[in-house]
Amino acid sequence: MMNIADEVLSRINIVEVVSQYVQLRKTGRNFVGLCPFHKEKTPSFTVSLEKQIFYCFGCNEGGNAINFLMKYDGLTFQEAIESLARQYGIKIKKDFVKRNNAFDALSRLAEYYHKNLMSSRIALNYLKARGIGNDIIEEFMIGYSERSRESLANFIKKTNIQTDVFINTGIVRTKEGEIYDIFRGRIVMPIFDVNKKIVGFGGRTIEKDGFPKYINSPESSVFSKGSSLFGIDKARKSIAEKDEVFIVEGYFDHISLYMNGFKNVVSTLGTSVTEGQLSKLRNYTENITLMLDGDEAGIKSALRLIGVFSEMDINGNMVVLPDGHDPDSFLREKGKEVMNDTMRLKKSILDYYFDYCMKKWGMKTLENKKAFIKSVMPHIEVIKNTVSRRLYVKRLSELTGVEERYFFRSMSKGSVHEKKVLNQHSYNQIGKKVIGALMSYPELLSVFRDKEVINYIKDVNIRDVLQKMFSHYTEKGNLELNDFMQSLDKDELKSLVLNGVFDVAECTEDEINIIVKDYSRHLSKTFKKEEARKITERLSAAEKIGDVNTINKLLEKKRQILSFTKN
Ligand SMILES: [Zn+2]
């Protein structure tokens with residue numbers, strides 16, 4: 001029997017639905033328009049009439065008509081279905097509207113924590129001591145988790161949401177038949193997504209020897225630490241207006257800056273900045289500035305991002321606060337004027353690193369200069385933009401007195417590595433196409449005769465999706481798009497599938513055949529090479545102890561594998 005979502009989807013037309021919000025134009029088999037989810041001048045938002053899906057090549061948003069409405073109007077899954085059903089006059093059963101999903105559970109939990117906070121003297125005092133007053137507590141919906149299991153159980157009972165839904169968020173757990181929550185004894189900060197929906201929480205202990213100091217919600221179907229940003233819901237507008245964003249590391253730093261009028265700030269959840277977070281921010285601005293501790297660890301983690309920034313065309317800068325200050329302590333000690341001046345002194349990460357290394361090594365002796373070059377050179381090499389790369393080389397040459405051409409020569413040696421990365425990159429492009437191809441022609445899955453080769457795919461997401469395709473197809477005998485999409489738990493995976501589907505939309509069946517077969521051959525080769533490498537390792541071990549029997553066996557195996565690779 002069809003479920004209600006499928007039924008609604010089968011009776012509507014996505015082009016019609018989207019057209020109410022976005023002006024669409026037909027090109028080839030698809031419709032395109034300006035994406036409503038990110039700023040753009042040339043359309044990368046694509047709708048397929050045939051497949052009844054949309055996808056934006058600019059910001060990777062995508063899905064079916066239900067997903068579109070959820071995103072556009074900030075509706076829940078149920079609300080979006082109801083809205084579509086109303087428009088198209090489709091009758092849906094009442095009991096379907098049982099509010100029973102993770103988002104509901106999380107928002108009820110937030111209310112519960114918030115209520116706890118308002119009646120907890122110690123928690124309120126703690127916030128007061130940090131300069132956080134009632135208006136901010138309300139605006140951020142800050143909460144507190146008290147230790148009582150009974151009160152938590154009562155609360156859950158009252159919500160009419162099944163306990164399992166709470167347990168699936170990873171926040172509520174059971175132990176010896178009793179339930180408890182992971183945040184007990186902590187101030188709890190709801191983490192909102194851009195649509196102001198709560199996806200998780202961060203918690204800071206206020207108990208003297210509470211350990212660890214900070215914890216976050218565990219990863220779940222709605223929460224991913226690596227792509228969530230605390231404060232994005234409130235900062236989004238200001239980021240777009242000022243065309244710049246600052247990233248800090250903790251939510252108290254964020255709140256402190258926010259209270260002082262710095263609104264274009266987001267914070268990671270106490271972790272270092274990830275590519276997922278950057279690509280989210282990249283939808284609003286290309287000017288991204290990190291505000292980090294000036295210690296070695298802070299700089300190291302910023303350096304790691306030079307290549308990423310360059311790859312994503314981000315104008316990446318950093319601001320370093322002096323003397324072990326974090327933004328919160330700095331603001332409290334120096335005030336917002338000084339903070340404002342400091343933020344304006346931002347520098348590119350590499351400029352900062354140049355200064356840092358010059359201070360560290362000095363430039364007096366030849367050895368110093370060598371050490372300096374060795375430290376900065378790898379970070380210059382990863383810059384994609386030729387002009388800025390040349391400028392840094394020029395500066396390096398001026399500082400050290402070594403001629404520029406020497407650096408260019410050593411860089412071209414490095415390009416072997418670049419080629420390898422490029423190659424891998426293009427295989428990822430093909431992998432994506434293969435996913436799209438298999439969605440339309442799932443019978444081609446049989447091309448991968450040895451399923452094990454899939455484990456050798458370097459890109460985790462592609463690997464994940466292909467593995468899931470196999471099990472889905474084996475289990476259900478088909479690969480129906482909506483059905484399969486629903487089985488995927490991460491947004492990245494969903495985008496990947498949609499991206500792939502559109503990528504091959506204009507391909508003929510012959511072309512699709514070639515794409516899939518080439519990819520499968522590439523994987524088999526990688527697989528065999530890896531096997532051969534392992535055998536070589538075992539061979540040298542066997543040779544060391546003179547185990548002739550094993551040596552012969554391994555040699556034979558290697559011969560077989562290599563002859564296969566040649567074919
Ligand atoms: Zn977009």
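Here are four short exercises on the predicted model shown above, each with a worked solution.

**Exercise 1: Get an overview**

Find out how many helices and strands the chain has, and how far its C-alpha trace spans.

*Solution.* Start with the secondary structure: the chain holds 23 helices and 16 strands. Next, look along the principal axes, where the C-alpha trace spans about 75 × 75 × 60 Å. Now check burial: 34% of the 567 residues count as buried. Last, take the contacts with a separation of 6 or more; 63% of them join residues 24 or more positions apart.

**Exercise 2: Split the chain into domains**

List the domains in the assignment, then say how far apart the C-alpha centres of domain 2 and domain 4 lie.

*Solution.* Walk along the numbering. Domain 1 covers 4–97 and domain 2 covers 99–223. Further on you meet domain 3 (355–421) and domain 4 (422–566). Then go from the C-alpha centre of domain 2 to that of domain 4: the two are 42 Å apart.

**Exercise 3: Trace a sheet**

Work out the strand order of the open five-stranded sheet, and find which helix lies across β3, β4 and β5.

*Solution.* Write down the order, which is β1-β2-β3-β4-β5, with antiparallel pairing. Then pick out the edges: β1 (25–27) and β5 (62–63) each pair on one side only. A bit of background helps here: strands in a sheet pair through backbone hydrogen bonds, and the pairing can be parallel or antiparallel. Now zoom in on β3 (residues 45–48) and β4 (residues 53–56), an antiparallel pair with four bridges. For one bridge, start at Thr46 and cross to β4, where you land on its partner, Tyr55. Finally, the helix you want is α21 (residues 491–503), which runs at about 100° to β4.

**Exercise 4: Explore the nonpolar cores**

Find which residues of the largest nonpolar core touch the most other members, and explain why this core lies between domain 2 and domain 3.

*Solution.* The largest core has 86 residues, and Val245, Ile247 and Ile349 touch the most other members. Ask next which helix gives the most to this core. That's α5 (residues 102–118), with eight residues. Now for the "why": domain 2 (99–223) and domain 3 (355–421) both supply residues to this core, so it sits between them. Take Val245 as a close-up: leaving out residues up to four places away in sequence, its contacts include Ala235, Ile239, Val266 and Leu281. There's also a second, separate core of 48 residues, with Val8, Phe54, Phe68 and Phe448 among them.

Terms used:
Residues are numbered from 1 along each chain as its sequence is written. This is a predicted model: local features need pLDDT of at least 70, side-chain atom pairs count only at pLDDT 80 or more; totals for chains, interfaces and linings use all residues. Domain bounds come from an automatic or database domain assignment. Two strands pair if DSSP finds at least two bridges between them. Helices (H or I, at least four residues) and strands (E, at least two) are DSSP runs, numbered from the N terminus. Two residues are in contact if their C-beta atoms, placed from the backbone, lie within 7 Å. Axes are lines fitted to C-alpha atoms, for helices over the stretch in contact, and angles run from 0 to 180 degrees between N-to-C directions. A nonpolar core is a set of buried Ala, Val, Leu, Ile, Met, Phe, Trp, Tyr and Cys residues joined through C-beta atoms within 7 Å. A residue is buried if 20 or more other C-beta atoms lie within 10 Å of its own, exposed if 12 or fewer, and partly exposed in between; C-beta atoms are placed from the backbone.
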